Amino acid sequence: MKILMLIFGVMSSDGHLELIKIPITNEIKDISCEKAIESNRKWQLNPHYNEGNGKTWGYYTYKDRPILLSYCSEKGDDGK
């Protein structure tokens, strides 16, 4: 059985980095780490962005929390 471990680093309510581990095991024969990351994040427009204000116009979120980093690791039956 193939297992993907997806880790998102999200902003906590007190401004710190919080790591969230998302194990993915169901129906993953045709899924890659790239697809797992894409299907578990959501693009959100920055409501504070205005042209020329230097802020980012959007960002990815996980459960409405900004994602600061993402990491994925794949492990199969053979240990690789």
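Me: Which residues have the most contacts inside the largest nonpolar core?

Reply: Leu4, Leu6, Phe8, Ile22 and Tyr62 have the most contacts inside that core, which has 14 residues; a nonpolar core here is a set of buried Ala, Val, Leu, Ile, Met, Phe, Trp, Tyr and Cys residues joined through side-chain atoms within 4.5 Å, and buried means under 20% relative accessible area, with exposed over 50% and partly exposed in between, for a 1.4 Å probe and protein chains only. Please keep in mind that this is a predicted model, in which local features need pLDDT of at least 70 and side-chain atom pairs count only at pLDDT 80 or more, while totals for chains, interfaces and linings use all residues. Residues are numbered from 1 along each chain as its sequence is written, and side-chain values use heavy atoms, with hydrogens and water left out.

Me: Which elements each supply at least two residues of the core?

Reply: β1 (3–11), β2 (17–24), α1 (33–40) and β5 (65–75) each do so, and the largest share, 4 residues, comes from β1. Helices (H or I, at least four residues) and strands (E, at least two) are DSSP runs, numbered from the N terminus.

Me: And what is Leu6 in contact with, leaving aside neighbours within four places in sequence?

Reply: With those set aside, Leu6 is in contact (heavy atoms within 4.5 Å) with Ile20, Lys21, Ile22, Ile24, Ala36, Ile37, Asn40, Tyr71 and Cys72.

Me: Switching to rings, how many aromatic pairs are there?

Reply: The structure holds 3, where rings of Phe, Tyr and Trp (its six-membered ring) pair if their centres lie within 6.5 Å, and planes under 30 degrees apart count as stacked, over 60 as edge-to-face and the rest as tilted. One of them, Phe8 with Tyr62, is tilted, at 5.4 Å centre to centre and 50° between the planes; this pair links distant parts of the chain, since Phe8 lies in strand β1 and Tyr62 in strand β4, 54 residues apart.

Me: Are Phe8 and Tyr62 buried or exposed?

Reply: Both Phe8 and Tyr62 are buried.

Me: Now Asn46, where does that lie?

Reply: Asn46 is in the loop between β3 (42–45) and β4 (58–62), and a polar atom of the Asn46 side chain lies 2.9 Å from the backbone nitrogen of His48.

Me: Why does Asn46 count as buried?

Reply: Asn46 counts as buried because its relative accessibility is 15%. Leaving aside neighbours within four places in sequence, Asn46 is in contact with Lys55, Thr56, Trp57, Gly58 and Tyr59.

Conventions: Polar contact = N/O pair within 3.5 Å; in protein donor to acceptor, adjacent residues only side chain to side chain.
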